[in-house]
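User: Please take a close look at one part of this model, a charged pair and what surrounds it. Then set it against the rest of the chain.

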Amino acid sequence: MSKNLVIVESPAKAKTIEGYLGKDFLVKSSFGHVRDLVTKDLSIDVENGFKPLYEILPDKQKMIRELRKMVEGAEVVWLATDEDREGEAISWHLAEVLGLDPAKTRRIVFHEITKSAITEAIQKPRNIDLNLVNAQQARRVLDRLVGFELSPILWKKVKPSLSAGRVQSVAVRLIVEREEEIRAFTSTYAFKVTGLFDVENEFGKAKIKADLPKRFQTSEEAMKFLEICKNAGFKVAEVETKPGKRSPAPPFTTSTLQQEASRKLGFSVSRTMTVAQQLYEAGKITYMRTDSVHLSQMALGMAKEEIESVFGKEYHKSRQFATKSKGAQEAHEAIRPTYLNNSTIEGDAAQRRLYELIWKRTIASQMTDAILEKTNIYIDISTSKEQFVATGEVIKFDGFLKVYMESTDEDVENEEGLLPPLKKGEALGLDEIQAVQKYSQAPPRYNEASLVKKMEELGIGRPSTYAPTISTIQKREYVVKEDRDGNTRDFEQITLKGGQIKSVVKSEKFGFEKNKLFPTDIGELVTRFLVQYFTDIMDYNFTASVEKEFDEIAEGLKEWNQIIKDFYGPFHKKVTETLESREKAKGEKLLGVDPGSGKNVYVKIGRFGAMAQIGDTESEEKPRFAGLRKGQSIESISLEEALKLFDFPRTIGEYEGEDMVVGIGRFGPYVLHMKKFYSLSKTDDPATITAEAAIVLIEEKRSGDANRIITEFAERPDIKVLNGRFGPYISIAKENYKIPKDKTPAALTLQDCLDIAKNSAPTGKKKVAGRRK
DNA sequence: CAGTGAGCGAGCTTCCGCTTGACTT
């Protein structure tokens with residue numbers, strides 16, 4: 001047994017550190033948090049100082065048992081979890097759960113995984129910082145109180161199984177409010193004028209493009225200006241050159257990596273994290289969940305060496321960046337390659353591309369500025385006071401641009417390049433002038449990565465939760481990620497060329513969206529409800545302001561229980577009031593009157609989502625209901641579309657002597673035949689599908705089911721060997737069992753199946769409490 | 001998967017943050 005037991009959070013880290021520490025040290029990992037609030041109920045004693053009721057996480061119990069044994073044999077236990085609020089709490093929970101003797105327990109921290117940093121940390125142990133631990137407990141308790149008191153209100157007042165929380169509800173709010181802005185937006189237009197001029201001087205012939213800063217509001221004004229230009233002369237009024245520079249972006253944090261991987265590689269945030277995790281476990285990059293832009297001394301040294309040898313001394317500039325983001329805890333380094341001399345790695349395409357992105361960004365951050373020269377050329381018009389302006393930019397020294405340029409979310413229209421050499425007073429020939437009708441654009445919708453960027457700005461969520469939060473708000477159906485077709489619109493283009501003015505009307509596409517986040521009806525309804533009754537929690541600054549209080553707890557200036565008490569009093573009162581007095585929120589909207597019955601037609605949210613309703617609920621006669629289809633929404637559905645939903649179920653014909661009925665259910669349109677359901681394909685329209693097409697569907701499903709069955713047993717009809725999506729399996733009653741690799745599925749006898757079932761656990765039924773899925 | 005919706009009531013759902021595999025029919 002080793003004399004020293006070191007506990008870190010991540011197993012990959014444990015492996016590396018063990019190599020540095022030698023044989024007297026055994027390094028183990030806690031795999032993150034080991035203990036949390038009991039999953040069921042609030043598990044906080046609000047009457048007694050908000051005492052939390054903790055339990056060891058179910059999937060950590062085995063690991064804790066093993067650690068306990070190792071602790072017995074160890075002389076010193078070193079708690080080396082991360083140096084932030086959560087890391088301090090993990091150490092404290094470990095100390096509690098393992099029953100550590102303070103006399104033989106040391107708390108150490110290090111920011112980088114290098115031999116010197118770790119041996120140095122061992123020289124400077126400290127005790128667990130209980131103030132920091134209490135700040136974490138306050139954070140944890142607050143989140144549980146908010147989540148577990150708000151969610152049940154939604155189950156009662158909106159729809160079962162919904163959720164609300166400090167982070168997710170504000171993330172949804174961002175998307176809902178952006179959508180409202182886009183709806184309220186009315187596009188205006190102006191005519192943008194661009195001139196193309198001919199240059200002919202001692203340096204040769206060239207063209208120069210210049211814009212008119214003034215825009216015209218109407219077609220007539222633009223036309224009038226072109227008329228004025230018809231017989232005008234043009235000459236260079238002034239040539240202005242200004243030096244400029246551009247500096248590299250800091251190395252990656254989780255959030256900026258997600259943004260750039262989305263823009264440059266088209267990765268979703270979860271894809272980025274999965275691939276980054278693979279790189280981390282393979283030892284290729286440093287830790288991928290970080291909010292720090294800090295680079296270790298070792299990294300700075302490696303960057304210098306690499307840049308000087310590949311690009312030359314003049315390209316290197318050592319830089320250390322400062323973290324700007326709200327609430328950053330900086331327990332780790334920035335995300336960087338472990339070895340900066342490897343510009344590429346072995347691996348699959350995604351791993352190679354993400355690695356190269358990280359390498360370029362890191363290297364560029366340690367390179368010199370790009371030196372630019374910006375040129376403005378002002379062009380006089382003999383018949384007008386207006387001036388054309390041509391702008392150009394020349395790179396005098398490329399610096400970091402040799403390696404990497406950060407992308408932006410907005411598309412940049414103007415590419416500024418080199419301008420031909422020109423002198424003041426020089427006359428220019430006119431090639432053409434164009435006035436083009438340009439529309440103003442609505443604010444852009446969020447995609448996953450730009451939502452993460454906004455969340456980080458507001459300080460809501462942490463590097464480890466950005467990706468899970470985005471998946472939660474989609475799973476709850478508050479938000480959908482999808483593509484939407486745009487529209488087309490006409491724009492006018494007026495051209496002056498060869499003394500002639502011509503106007504043409506062209507059409508352009510706009511508003512096309514790809515992989516953007518849209519709010520659903522439920523998302524909008526829940527957001528409006530929460531903003532109305534829980535304004536403070538839904539405030540974009542709520543997290544930032546509670547973080548300030550957590551900091552005060554961490555500094556020992558305030559008691560955590562008192563902070564929570566001050567919050568909980570008014571909050572809980574509001575919860576009770578809302579539960580008692582508020583009406584259900586249904587988001588009901590009157591669409592119009594059904595011409596058939598003369599009754600009102602509504603759309604609203606019910607227990608199973610959005611639905612249409614004919615007739616009033618207060619009336620004697622029971623109203624009729626029909627669920628909205630996928631892609632339809634309360635916001636946009638028309639009366640005609642709503643009425644069509646009531647055309648189902650309808651009988652479309654007979655097959656084998658039984659009716660075929662088309663209906664629309666929870667999982668979309670279907671054909672019902674002999675009590676069996678057959679889903680329509682995406683291309684079939686339930687309103688027009690023919691009996692022939694329905695029969696094809698039925699037959700296809702039947703032959704598919706036949707292939708599914710490998711073996712059936714006459715004596716036990718509840719036992720079958722089946723072909724599934726993941727290969728053959730055994731089905732007994734409702735339980736499924738894996739087939740051992742050394743067995744041939746088709747050759748299994750009934751006895752074999754029973755033996756396999758007896759000796760193995762059924763799949764998929766494993767319910768681990770406290771596990772989010 | 002399974003084709004519901006008023007209202008009643010049973011029993012269920014739910015938070016954020018730290019870590020990885022196990023698992024999917």
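Analyst: **The Lys-13 and Asp-82 pair**

Asp-82 counts as buried, at 9% relative accessibility; buried here means under 20% relative accessible area, exposed means over 50%, and partly exposed is what falls in between, with a 1.4 Å probe and protein chains only. Before going on, keep in mind that this is a predicted model: local features need pLDDT of at least 70, side-chain atom pairs count only at pLDDT 80 or more, and totals for chains, interfaces and linings use all residues. As for bookkeeping, residues are numbered from 1 along each chain as its sequence is written, chains are lettered from A and ligands numbered from 1 in the order in which they are written, and side-chain values use heavy atoms, with hydrogens and water left out.

So who is the partner of Asp-82? Its side chain meets that of Lys-13 in a salt bridge, 3.0 Å from N to O. Lys-13 sits in helix α1 and Asp-82 in the loop between β7 and α3, so the pair ties together parts that are 69 residues apart in sequence. (Helices and strands are DSSP runs numbered from the N terminus: H or I with at least four residues for a helix, E with at least two for a strand.) A salt bridge, for the record, is a side-chain nitrogen of Lys or Arg within 4 Å of a carboxyl oxygen of Asp or Glu. Lys-13 counts as buried too, with 9% relative accessibility. As a general point, side chains of opposite charge can pair when their charged atoms come close.

Now look along the helix end of the pair. Ala-14 lies in helix α1, which covers residues 11-21, and is buried, with a relative accessible area of 6%. Once neighbours within four places in sequence are set aside, Ala-14 is in contact (heavy atoms within 4.5 Å) with Val-8, Val-27, Lys-28 and Ser-29. Leu-26 is 12 residues from Ala-14 in sequence, and the two C-alphas are 9.0 Å apart.

On the loop end, Asp-84 lies between β7 (76-79) and α3 (85-97). At 13% relative accessibility, Asp-84 counts as buried. What does Asp-84 touch beyond four places in sequence? Leu-132, Gln-329 and Ala-331. Val-133 sits 49 residues from Asp-84 in sequence, with 9.5 Å between their C-alphas.

How does this pair sit among the others? A search of the whole structure turns up 48 salt bridges. One of them joins the side chains of Lys-396 and Glu-373, at 3.9 Å from N to O. That pair links distant parts of the chain, with Lys-396 in strand β13 (residues 384-397) and Glu-373 in strand β12 (residues 370-381), 23 residues apart. Lys-396 counts as exposed, at 53% relative accessibility, whereas Glu-373 is partly exposed, with a relative accessible area of 26%.

Another salt bridge brings together Lys-604 and Glu-588, at 3.5 Å from N to O. Lys-604 is in strand β20 (residues 600-606) and Glu-588 in the loop between α17 (560-581) and β19 (589-593), so parts 16 residues apart in sequence are tied together. Lys-604 is buried, with a relative accessible area of 6%, while Glu-588 counts as partly exposed at 44%. There is also a network: Asp-198, Lys-207, Asp-431, Glu-432 and Lys-497 are joined by salt bridges that share partners.

For charge outside salt bridges, turn to Lys-62, Arg-65, Arg-68 and Lys-69, which form a positive surface patch. Patches are made of residues with over 30% relative accessible area and no salt bridge, where like charges are joined within 9 Å and nonpolar side chains (Val, Leu, Ile, Met, Phe, Trp, Tyr) within 5 Å. Arg-68 lies in helix α2 (residues 61-73) and is partly exposed, with a relative accessible area of 36%.

Stepping back to the whole of chain A, there are 20 helices and 30 strands. Of its 773 residues, 46% count as buried. The C-alpha trace spans about 95 × 85 × 65 Å along its principal axes. Among contacts with a separation of 6 or more, 69% are between residues 24 or more positions apart.

Conventions: Areas by Shrake-Rupley, 256 points an atom, 1.4 Å probe, with all protein chains shown as cover. Lys, Arg positive; Asp, Glu negative; His and termini not counted. Charge placed at Lys NZ, Arg CZ, Asp CG, Glu CD.
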